[in-house]
Amino acid sequence: METVDIESGQLAYILIALFAGSIGSVMLAGLLMLTNDHQLQAVSTYLTYLAGGTLLGAALLGMIPKATSMMDTSAAMMLVLAGILFFFVLEKFILWRSCRNKDCKRHMQAAVPMILIGDAFHNAIDGIVIAAAFMSSTELGIFVTISVIFHEIPQELGDFGILLKSGLTRKKALLYNILSGSTAIIAGLLAYYFMASMKSLIPYALAFSAASFLYIALADLIPEMHKKTSVKDSAIQILLILSGVFIIYCIIQTN
Ligand SMILES: [Zn+2]
């Protein structure tokens, strides 16, 4: 009976994390949008710098070591490699990650449905990452969720900007973003039930998820950061990336 208790507690954690990472991020981004406060929106840019660090830390200090403790190291690394290539190809086909700056060319040219579909896909993967992380350990789940929220808020904020610019009302933009965010909850729950019945899948899901985090940080967030070249911006970026890594490092050390 005890294992049943643990499982239901785990499911509760996963549900809370999935809601926080998807709908929660959309709501927070919506609030930021409504305030129309440029300082608050600058905070959102800083969140992407922090996310660069937490994503790298979560993947390299948490998820990959955890996966290799549960499965063969070279098989785990092969999965990470396959994951990186997979996300590269995926990005070729859909608007995998859109950018945080509102006037991004790729974003302006993309049709609204493509943005929403790309987002829905991305959020579904975030959901699977959250489920896999919580199923291997609560601490891992917590910092994976933090990493998701940090990169999702600026992402959703950027999406709001595009959707409003394309003529959608605020209500519709919010509704569409919530809908594309809810794929995280559906995919996360499906992944949970799938992995609960086949526990041996968890390290595989972790290794593959780590690739998604590495890809977002290295191929998406960091290239965006390089577009800002002033000494001040660069210093803030380095400081916040290091802070992000440090947050993850501290969570791991205290456990
Ligand atoms: Zn995400």
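This is a dialogue between a student and a tutor on how to read a predicted model.

Student: Where should I start, and how many helices and strands does the chain have?

Tutor: Start with the secondary structure. This chain has ten helices and zero strands. Its pattern along the sequence is α-α-α-α-α-α-α-α-α-α. Keep in mind that the model is predicted.

Student: What share of the chain is buried?

Tutor: A residue counts as buried if its relative accessible area is under 20%. Of the 255 residues here, 50% are buried.

Student: Among contacts between residues at least 6 apart in sequence, what share joins residues at least 24 apart?

Tutor: The share is 82% for this chain.

Student: How do I check the length of a helix, and what does the check give for H5?

Tutor: Compare the distance between the end C-alpha atoms with the span expected at 1.5 Å a residue. H5 has 25 residues, and its first and last C-alpha atoms are 36 Å apart, close to the expected 36 Å. For H10, with 23 residues, the reach is 32 Å, close to an expected 33 Å. Helix H7, residues 170-181, has twelve residues; the expected span is 16 Å and its end C-alpha atoms are 16 Å apart, so the two agree.

Student: Which residues of H7 are buried, and which are exposed?

Tutor: The buried ones are Ala173, Asn177, Ser180 and Gly181. They lie on the same side of H7, because the arc they cover around the axis is only 100°. Lys171 and Leu179, on the other side of H7, are exposed.

Student: What does Ser180 touch?

Tutor: Ser180 sits in helix H7. Its relative accessibility is 5%, so Ser180 counts as buried. Apart from neighbours within four places in sequence, Ser180 is in contact with Leu116, Asp119, Ala120 and Asn123.

Student: Which residues of H7 does Phe160 touch?

Tutor: Take the whole contact list of Phe160 and look for the H7 residues in it. Phe160 belongs to helix H6 and is buried, at 3% relative accessibility. Beyond residues up to four places away in sequence, Phe160 touches Val26, Ala29, Gly30, Met33, Ala173, Leu174 and Asn177. Two of the buried residues of H7, Ala173 and Asn177, are on that list. The C-alpha atoms of Phe160 and Lys172 are 10.0 Å apart, with their positions twelve residues apart along the chain.

Student: Is H5 largely enclosed or largely open?

Tutor: Count its buried residues. In H5, 19 of 25 residues are buried, so the helix is largely enclosed by the rest of the structure. In H10, the buried residues are Ile236, Gln237, Leu240, Ile241, Gly244, Ile248 and Ile251.

Student: What does Ala187 touch?

Tutor: Ala187 is in helix H8, and with a relative accessible area of 13% it is buried. Leaving out residues up to four places away in sequence, Ala187 touches Ala124 and Ile128. The C-alpha atoms of Ala187 and Asn123 are separated by 8.5 Å, although the two are 64 residues apart along the chain.

Student: Which members of the largest nonpolar core touch the most other members?

Tutor: The core has 66 residues, and Met63, Val144, Met195 and Phe213 touch the most other members. Helices H1, H2, H3, H5, H6, H8, H9 and H10 each give two or more residues to this core. H9 gives the largest share, 13 residues.

Student: Which residues are in contact with Phe213?

Tutor: Again setting aside neighbours within four places in sequence, the contacts of Phe213 are Leu55, Ala58, Ala59, Met63, Asp126, Val129, Val144, Ser147 and Val148. Met63 and Val144 appear here and also among the core members with the most contacts.

Student: Which residues coordinate the zinc ion?

Tutor: List the donor atoms, then look at the angles. His122 (NE2), Asp126 (OD), His151 (NE2) and Glu152 (OE) coordinate the zinc ion at 1.9 Å. Asp126 is also one of the contacts of Phe213. The spacing of the donors along the chain is H-x3-D-x24-H-E.

Student: Why is the arrangement called tetrahedral?

Tutor: The four donor atoms subtend angles of 104 to 119° around the zinc ion, which makes the arrangement tetrahedral.

Student: Are His151 and Glu152 buried or exposed?

Tutor: His151 counts as buried, at 1% relative accessibility. Glu152 is buried too, with a relative accessible area of 1%.

How values were computed
Residues are numbered from 1 along each chain as its sequence is written. This is a predicted model: local features need pLDDT of at least 70, side-chain atom pairs count only at pLDDT 80 or more; totals for chains, interfaces and linings use all residues. Side-chain values use heavy atoms; hydrogens and water are left out. Helices (H or I, at least four residues) and strands (E, at least two) are DSSP runs, numbered from the N terminus. Buried means under 20% relative accessible area, exposed over 50%, partly exposed in between (1.4 Å probe, protein chains only). The arc is that of the directions from the helix axis to the C-beta atoms. A nonpolar core is a set of buried Ala, Val, Leu, Ile, Met, Phe, Trp, Tyr and Cys residues joined through side-chain atoms within 4.5 Å. Contact means heavy atoms within 4.5 Å. Donors are N, O and S atoms within 2.8 Å of the metal (3.2 Å for Na, K and Ca); water is not among the atoms, so sites may look incomplete. Four donors count as tetrahedral if all angles lie between 85 and 135 degrees; four count as square planar and six as octahedral if opposite donors are over 155 degrees apart and all others between 65 and 115; anything else is irregular.
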